[in-house]
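Here are my notes on this model, as numbered points. Please read them with the structure open.

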Amino acid sequence: MISRRKFIQAGVILATFPKQIVLAGRRLFRNNFQVPTLEMGRRVGKDVYFDLNIQSGQTAILPNKLTPTLGVNQSFLGVTLRANKGDRVHINVNNHIDETSTLHWHGMKLPAKADGGPHQPIYPNGSWLSEFDIIQDASTLWYHSHQLHKTAEQVYHGLAGLFILDDDKSRSLNLPIDYGIDDVPVIIQDRDFKQNGAFAYMTSMRDRMMGKRGKTVLVNGVINPVLKVKKSLVRFRILNGSNARTYHLSFDDHREFHIIGSDGGLLEQSHTTKRLRLAPAERVEILVDVSDGRMPILRHKSRHKQEQGRGMMGMMSGMMDDGKDMDILQIDASQAIKSNRSIPANLVKHDNPKPSEVVKERKMVLEMKMGPMMMFGGNPFSINGKAMEIDRIDEVVKAGSTEIWTIENNSMMAHPFHIHDVQFKIISRNGGVRGHELGFKDVVYVRPNETVRVVMKFPEFSDAKIPYMYHCHILEHEDRGMMGQFTVV
Ligand code: C2O
Ligand code: CU
Ligand code: CU
């Protein structure tokens with residue numbers, strides 16, 4: 001018997017090939033989990049050489065159809081890069097697609113010219129060499145296209161992958177660390193498809209305003225996969241690689257799990273919970289104990305119902321969260337053997353930016369204009385009243401200094417705010433800071449009418465000419481103006 005709800009959601013295509021079946025009252029996912037290929041580069045001592053190719057291809061995502069996709073060293077999405085603290089990486093990126101693109105190392109502390117933002121375009125048939133020292137702690141970073149006005153579309157088609165960093169401290173903790181075995185990357189993305197199998201991107205007014213959200217969730221490019229785990233303790237490195245959707249994640253059997261890491265690396269203490277919120281571009285590392293041998297489903301529970309009925313605000317958050325509960329993946333632990341890894345209560349000690357060393361405060365006001373601007377193009381999204389201009393530097397930061405930024409959201413929807421080149425700590429937000437938000441962050445979710453304060457120490461890299469970006473990580477907002485530029489000197 002096929003789950004009727006799924007049937008209706010997925011339409012005719014899956015009727016002949018259900019992605020889930022129900023057996024003896026239990027739902028079973030059918031698609032195999034896909035672990036992104038690991039790319040360790042060519043190592044000569046501390047120097048690591050990566051060769052990356054931005055390419056296009058055809059990928060089997062739906063049954064009996066091919067989807068035109070973009071990828072890095074493969075047809076869809078990017079290979080997982082991995083390097084160590086203390087390494088110097090040399091990444092050569094070749095562009096084999098017929099539009100200009102970039103690859104940005106999201107979350108990385110690095111010189112501006114190596115950042116891969118809109119100032120480092122790679123033209124068709126061109127290449128770009130990015131070289132930098134890895135100066136930060138073990139973490140789950142990622143990379144994606146940052147082509148001006150094209151980021152959303154290029155990421156949607158597949159230009160995104162993980163960049164994992166390791167260090168001695170994290171290796172000494174007895175955490176699960178076998179890639180693809182008990183240390184498993186989970187890139188969550190929502191997509192829509194056309195009849196012919198191609199991705200359907202940006203058509204409605206609502207997509208233009210709220211950002212593009214799709215009805216189908218992919219994990220590492222696969223619809224609702226099942227992961228057959230071999231060990232009873234699994235570490236998931238979850239990236240919300242979606243353009244616009246924020247997920248509220250929990251397991252269908254309400255089991256507890258342990259948050260051990262945030263955007264910028266391991267937390268000081270592991271944090272036990274049953275749910276977490278993950279906004280676009282945020283990462284979280286969790287440990288899940290599946291020694292009970294069950295088959296829990298990780299899912300997104302819409303907040304729509306709770307948020308409804310609060311006037312205009314309720315309506316807007318209703319639009320933001322389109323009311324869909326979505327299954328993400330299933331764990332099959334029936335074959336798992338006992339893991340010898342542990343769930344440490346204490347993880348690492350953070351070298352926190354010191355409020356006493358703050359030399360400068362800045363304010364970032366996020367706004368969106370409604371009305372004709374929204375309908376007829378232009379850049380309706382802005383920061384401090386200004387839409388992104390590639391030739392305008394908005395802020396100049398002193399290298400090595402500590403700053404507090406206050407991010408104020410004056411619009412009626414939430415925006416995940418991201419800053420390049422740093423990992424910050426959240427000092428305050430309405431409603432308090434908890435869970436993975438206690439760790440180092442490079443993205444912070446700012447709710448409507450909320451004010452969030454973050455503190456950070458900028459690295460010593462200095463460049464008077466080439467700026468870094470700060471922006472909303474709803475990619476359609478970024479592409480249409482909600483981005484600014486700062487130099488560090
Ligand atoms: Cu994830 Cu400016 O980027
Ligand atoms: Cu970034
Ligand atoms: Cu936004």
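1. I start with a loop residue. His473 sits in the loop between strand S35 (463-472) and H8. The model is a predicted one, and the points below should be read in that light. His473 is buried, because its relative accessible area is 1%, under the 20% limit. Its side chain makes a polar contact of 3.3 Å with the side chain of His106.

2. What else does His473 contact, leaving aside its neighbours within four places in sequence? Besides His106, the list holds Trp142, His144, Asn243, Pro280, Ala281, Pro416 and His418. Two of these names return below. His418 is a donor to the copper ion (ligand 2). His106 is one of three residues singled out at the contact of domain 1 with domain 3.

3. The copper ion (ligand 3) has three donor residues. These are His415 through ND1, Cys472 through SG and His477 through ND1. The distances run from 2.0 to 2.1 Å. In sequence the donors follow the spacing H-x56-C-x4-H. His415 belongs to strand S31 (residues 415-419), and His477 to helix H8 (residues 475-479). The pair is 62 residues apart and links distant parts of the chain.

4. Are these two histidines buried or exposed? His415 has 0% relative accessibility and therefore counts as buried. His477 is also at 0%, so it counts as buried.

5. The copper ion (ligand 2) is coordinated by His104 and His418, each through NE2. The distances are 1.9 to 2.0 Å. Water is not among the atoms, so sites may look incomplete. His104 lies in strand S11 (residues 104-106) and His418 in strand S31, so the pair ties together parts that are 314 residues apart in sequence. His104 counts as buried because its relative accessibility is 1%. His418 is buried too, with a relative accessible area of 0%.

6. Now the domains. The protein chain is divided into domain 1 (38-168), domain 2 (183-332) and domain 3 (355-488). The centres of domain 1 and domain 3, taken over C-alpha atoms, are 23 Å apart. Their contact takes 27 residues from domain 1 and 23 residues from domain 3.

7. How much area do domain 1 and domain 3 bury between them? The figure is about 2,000 Å², with 66% of it on carbon and sulfur atoms. On the domain 1 side, His106, Ala112 and His119 supply 25% of the area buried against domain 3. No other three residues supply more.

8. The polar side of this interface deserves a separate look. Between domain 1 and domain 3 the count of salt bridges is zero. Polar contacts do occur: 19 residue pairs across the interface meet the rule, with both residues at pLDDT 80 or more. Three elements give two or more residues to the side of domain 1 that touches domain 3: S11, strand S13 (139-144) and helix H2 (151-157). H2 gives the most, with four residues.

9. Glu403 is worth checking. It lies in strand S30 (residues 402-409). Glu403 counts as buried because its relative accessibility is 1%. Its side chain has a polar contact of 2.6 Å with the side chain of Arg362. A polar contact of 2.7 Å joins the side chains of Glu403 and Trp405. Leaving aside neighbours within four places in sequence, Glu403 contacts residues including Val358, Lys360, Val397, Lys398, Val454 and Phe458. Arg362 is in that list as well.

10. Last, Ser101. This residue is in the loop between strand S10 (88-95) and S11. At 0% relative accessibility, Ser101 therefore counts as buried. Its side chain makes a polar contact of 2.8 Å with the side chain of Gln154. Leaving aside neighbours within four places in sequence, Ser101 is in contact with residues among them Ile54, Asn95, Gln120, Pro121, Ser145, Gln147 and Leu159. The C-alpha atoms of Ser101 and Gly117 are separated by 9.5 Å, and the two residues are 16 apart along the chain.

Definitions and conventions. Residues are numbered from 1 along each chain as its sequence is written. Chains are lettered from A and ligands numbered from 1 in the order in which they are written. This is a predicted model: local features need pLDDT of at least 70, side-chain atom pairs count only at pLDDT 80 or more; totals for chains, interfaces and linings use all residues. Side-chain values use heavy atoms; hydrogens and water are left out. Donors are N, O and S atoms within 2.8 Å of the metal (3.2 Å for Na, K and Ca); water is not among the atoms, so sites may look incomplete. Buried means under 20% relative accessible area, exposed over 50%, partly exposed in between (1.4 Å probe, protein chains only). Domain bounds come from an automatic or database domain assignment. Contact means heavy atoms within 4.5 Å. Buried area is the accessible area (1.4 Å probe) that two parts lose on being put together, summed over both. A salt bridge is a side-chain nitrogen of Lys or Arg within 4 Å of a carboxyl oxygen of Asp or Glu. A polar contact is a pair of N or O atoms within 3.5 Å; within protein, one must be able to donate a hydrogen and the other to accept it, and residues adjacent in sequence count only if both atoms are side-chain atoms.
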